[in-house]
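Reader: I would like to learn how to read contacts, burial and interfaces from a set of coordinates. Could you walk me through a case, feature by feature?

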Amino acid sequence: MTGAELVFVPLGAVALGSSVLVVTTDQLVRAALWLVVALGALAGCFLLLAAELVAWVQVLIYVGAVVVLLLFGIMLTRAPIGRSVDLDSGNRVAALVVALGTAGTLVTVVVGGFRTASIDLGDGSAGSAGTVGAGLFRYWVLPFELLSVLLLAALVGAIVLSRRDIGPRARDGGED
Amino acid sequence: MHVVYPVVLAALLFSVGVYGVLARRNAILVLMSVELMLNAVNLNLVTFDAWLKDTLASGQALTLFVIAIAAAEVGLGLAIVLLVFRNRSSIAVDQLRDLADRDAPSAVPGETVAEREAAR
Amino acid sequence: MTAALAVPVVLAPFLAAAVGLPLGRRLPPGIVAIAGTAVSAVLAIAVAVSSRPAETLARLTPTGGIAVTVGVRVGGLSATVAVMVTLVALAVQVYSVGYLRGDPRYPSYAALVSLFTAAMLTVVLSADLLLTYAGWEVMGVCSYFLIGHHWERPAASSAAVKSFLMTRFGDVGFLFGVFVLGTAAGSFRITDVLAAVPTMSHTTVLAAALLMVVGVVGKSAQFPLHSWLPDAMAGPAPVSALIHAATMVAAGVYLVALLFPVFLAAPLALDVLAVLAVVSMLGAALAAFASADLKRVLAYSTISQLSLMFAALAVGGRTAAIAHLVSHAAFKALLFLCAGAVITAVGGGLLTDLGGLRRAMPVTFATMTVGFAALAGFPPTSGFFSKDLVVAAAGHAASGEAALVTVAVAWLVAVAVLLTAGVTAAYATRAWLLTFFGTERPAREAGPVLTGPLLALAAPALLLGLAALRWPELRPEWGSALASVAVVVLGAGVVLARWRAAPGRDPADLLGRARPLLASAWHTDDLYERTVARAVTGLAERVVAVDDRVVGRAVTGSGRNAGRLGGLIRLSQNGNPQLYLTGLLAGVLLIAVGVVVLA
């Protein structure tokens, strides 16, 4: 076990444990906070894999933006702060079976497939902003630009969906 | 570093996300679980990028794209959740049952001649 | 050359039918049909005059197994019959123009008669047994349509169905006879089949001959499949003249004559044929004597006269049978056409409604007298000569000269033929008296379109026998001639005497209490109604019940069970998207595990 692995395993354990808490906790706000922990631990994992830029983007966008958005959502839907009893649906047992099955299958397959593969991180510059930026703007320019259009469309769509004064109300005369 | 560690972690995170999507009622928690699944995929992408030493940096570029799309998805998803909440005062996904098959079965398909004549 | 002439003999009326069916309404009535039949008649006469046997064959398409060929085969027999068919058809076509004037269905009628003529000529001239069978069936269909010409009358439509079913029953026998002969000979060519008869086993020949007897009994309305012919008189009179007197019903006789070597090799079949012929001959003659309707009298008389031909064939008188076939075609077609004229003038065919038409319809009277005289067998009409040939043939067989059938059967035939001759003279005289004598009633002679064919047919009915004296084998023999004339005079004399004693009364009263029995042809129809018809109806009801209770239940049951199963599956469609997603992912997982495990 190398040094990187020694650091990776506890980070992974934190990520996994906090993600399990995200899907099991009975307090909505705590779930969002555990998600922060999980995503942050994952950002650490990215760093260990020499994906420097990705790690910081993860922290910025996921931890900074997405989770904040989710918290907004929680509050706008007037969710109770504190314990609530009905966060799990009646589908729990089936969900557990399917999830364990998925885990079993995937783990079996990946362990079988990559038992001997190992990563040579080299000088660690593979994930630097310079390398990734060069790749992004040299080879991935078209998808990158398309993505900007997609984001714009999502923005417009989110606004249209959220505002009360536009949308379907004018057509079919009432949503409630 | 062995590839097995990150990919096993990704597989487990994905399964946790699957459980969350299938087991949680609250739509926002479902969205969070979806984020977990997306992140598991991201971890895989980064791992294989590092392992294969891709000259195009495609794994990391795709990870960035996924993150951007995830942000868009969360934005739209929350807008939809808010709309549902406004309309129904609830965001429990298992109560959104408009897809249910409601009509009772119509007439009995087919009957024998004798039955038809008896009915007359 | 002969064969090249013979092909258009068949094709001309067929073309007339093909043109007449779509275009008949736009053209002057009858022009296509008459032209086609006339061309065919001229060519048939040319073929007969050239009188060399000829045969053409073409194999249209490989059919596997035994080859099916198409072609014509001309011989003395077929040429003679072809001339007879085309001439009668021509007379009938001309007559129909007048008889069906103003009938909206005339164009299809004329086309069907043309098609029928083509089919009959196919039967006569075909070189291949399967082609013969095809013509045989087309005749049956045309007969069905033409009997049902006035399908709005229930009697006509049910008579059409009845005739179709009964002849079809016989046709099955014919078809299987063809199969037996064809497989035994390795070819359906008539020439090959006839050549191969000596090599066939006795059982095969007997089976084929008996099956053929079934076929001709159905088509020629012999006992026990006779009862469709009297009912078929619901069709128009010219149809009866052509199909139910001169041609289709005679096709059975022609076929037996054509395949005579087959029957010669199976004497038992000839015995059966003789017995059936004797029963039909006497039974139908007596029924004709008792019948109350002019056309039914003629129908029963047709059955009886056809039996006479079969009897002649059975005792080996092939020439006699064909001679009688030709002369019968002439005088019976004449009689039917005359009956049509009478029915047109009076408005009905019941003998009690007729009478005293002697002065009002002189042409019809004269020609019908010739027809009845030929039917009864008075010299010197054609009927006398041909009937005498039959009597002579029966006499020879009875005296053991040409021992085809057993002597007992030959005696039976001889006695029956003579008895029938007497009864025939009696009923012919009776019908003649009841139609033209007695109290006069107002009527108008038919127009020239109707009387022309009558005169044209009266000539051969009167003179054919005299003309045939050229050939030595067609000359009468003194002994049989005297015997038959004596019987004929006796039969006619009894009726005449009765008429003298009680003018205006139906001479059928002579039969006394037996009359209703005879008029219904020995209650055969009732018998069939009680046995065959009821059994078939019962069976059909049972089949319907099985279809409803078993097949129908199975069908509806499977539908219902599928519905119930669907109801179970519907329960999963509860609208919960999480459940759907769970199912989806579980399915993906199963597939993935399957791939991992099985790969």
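Author: Happy to, and let us begin with a single residue: L38(B) sits in helix α2 of chain B, which spans residues 27-52. Keep in mind throughout that this is a predicted model.

Reader: Is L38(B) buried, exposed or partly exposed?

Author: The way to decide is to compare its relative accessibility with two cut-offs: buried is under 20%, exposed is over 50%, and partly exposed is in between. L38(B) has 24%, so it counts as partly exposed.

Reader: Which residues does L38(B) touch, apart from its neighbours within four places in sequence?

Author: Leaving those neighbours out lets us look past the local helix. What remains for L38(B) is Y62(A) from chain A, together with V66(B), A70(B) and E73(B) from chain B. You can also look at backbone distances: the C-alpha atoms of L38(B) and A10(B) are 9.7 Å apart, although 28 residues separate the two along the chain.

Reader: How do I zoom out to the whole of chain B?

Author: Start with the secondary structure, then burial, then contacts. Chain B has 4 helices and 0 strands, giving the pattern α-α-α-α along the sequence. Of its 120 residues, 57% are buried. Among contacts in chain B with a separation of 6 or more, 59% are between residues 24 or more positions apart.

Reader: What does a record say about residues 61-85 of chain B?

Author: An annotation is best set beside the coordinates. The unreviewed UniProt entry labels residues 61-85 of chain B "transmembrane region". In the model, that stretch is 100% helix and 0% strand, with its end C-alpha atoms 36 Å apart.

Reader: Now the interfaces, please. How many residues does each side bring to the contact of chain A and chain B?

Author: Count residues first, then area, then specific pairs. Chain A gives 86 residues and chain B gives 70. Between them, chain A and chain B bury about 7100 Å², and carbon and sulfur atoms account for 76% of that. There are 13 residue pairs in polar contact between these two chains, both residues being at pLDDT 80 or more. On the chain A side, α1, α2, α3, α4, α5 and α6 each supply at least two residues. That side divides into 58 nonpolar, 17 polar and 11 charged residues.

Reader: And how many salt bridges cross from chain A to chain B?

Author: The rule finds 1. R24(B) pairs with D88(A), and their closest N and O atoms are 3.0 Å apart. R24(B) lies in the loop between α1 and α2 of chain B, and D88(A) in the loop between α3 and α4 of chain A, so the pair joins two chains. R24(B) counts as buried at 1% relative accessibility, while D88(A) counts as partly exposed at 22%.

Reader: What about salt bridges inside one chain?

Author: For those, ask where the partners lie in sequence. R25(B) and D94(B) form one in chain B, with 3.2 Å between the closest N and O atoms. R25(B) is in the loop between α1 and α2, and D94(B) in the loop between α3 and α4, so this pair ties together parts that are 69 residues apart in sequence. R25(B) and D94(B) are both buried. It also pays to look for shared partners: D88(A), R92(A) and R24(B) are joined into one network by such salt bridges.

Reader: Which salt bridge does D26(A) make in chain A?

Author: D26(A) meets R83(A), at 2.8 Å from N to O. D26(A) lies in the loop between α1 and α2 and R83(A) in the loop between α3 and α4, so the pair ties together parts 57 residues apart in sequence. D26(A) is partly exposed at 30% relative accessibility, whereas R83(A) is exposed at 61%. Over all chains, the count comes to 10 salt bridges.

Reader: Let us finish with chain C. What area is buried between chain A and chain C?

Author: The same reading order works here. The buried area is about 610 Å², with 73% given by carbon and sulfur atoms. On the chain A side, N91(A), V98(A) and T105(A) lose the most area to chain C, together 67% of what that side buries. The rule finds 0 salt bridges across this interface.

Terms used
Residues numbered from 1 in each chain as written. Chains lettered and ligands numbered in written order. Predicted model: local features only at pLDDT ≥ 70, side-chain atom pairs only at ≥ 80, totals over all residues. Heavy atoms only, no water. Buried area = accessible area lost by both parts, 1.4 Å probe. Salt bridge = Lys/Arg side-chain N within 4 Å of Asp/Glu carboxyl O. Buried < 20%, exposed > 50% of the residue type's maximum accessible area, 1.4 Å probe, protein only. Contact = heavy atoms within 4.5 Å. Polar contact = N/O pair within 3.5 Å; in protein donor to acceptor, adjacent residues only side chain to side chain. Nonpolar A, V, L, I, M, F, W, Y, C, P; charged D, E, K, R; others polar. UniProt positions renumbered as here; feature names shortened; annotations may be inferred.
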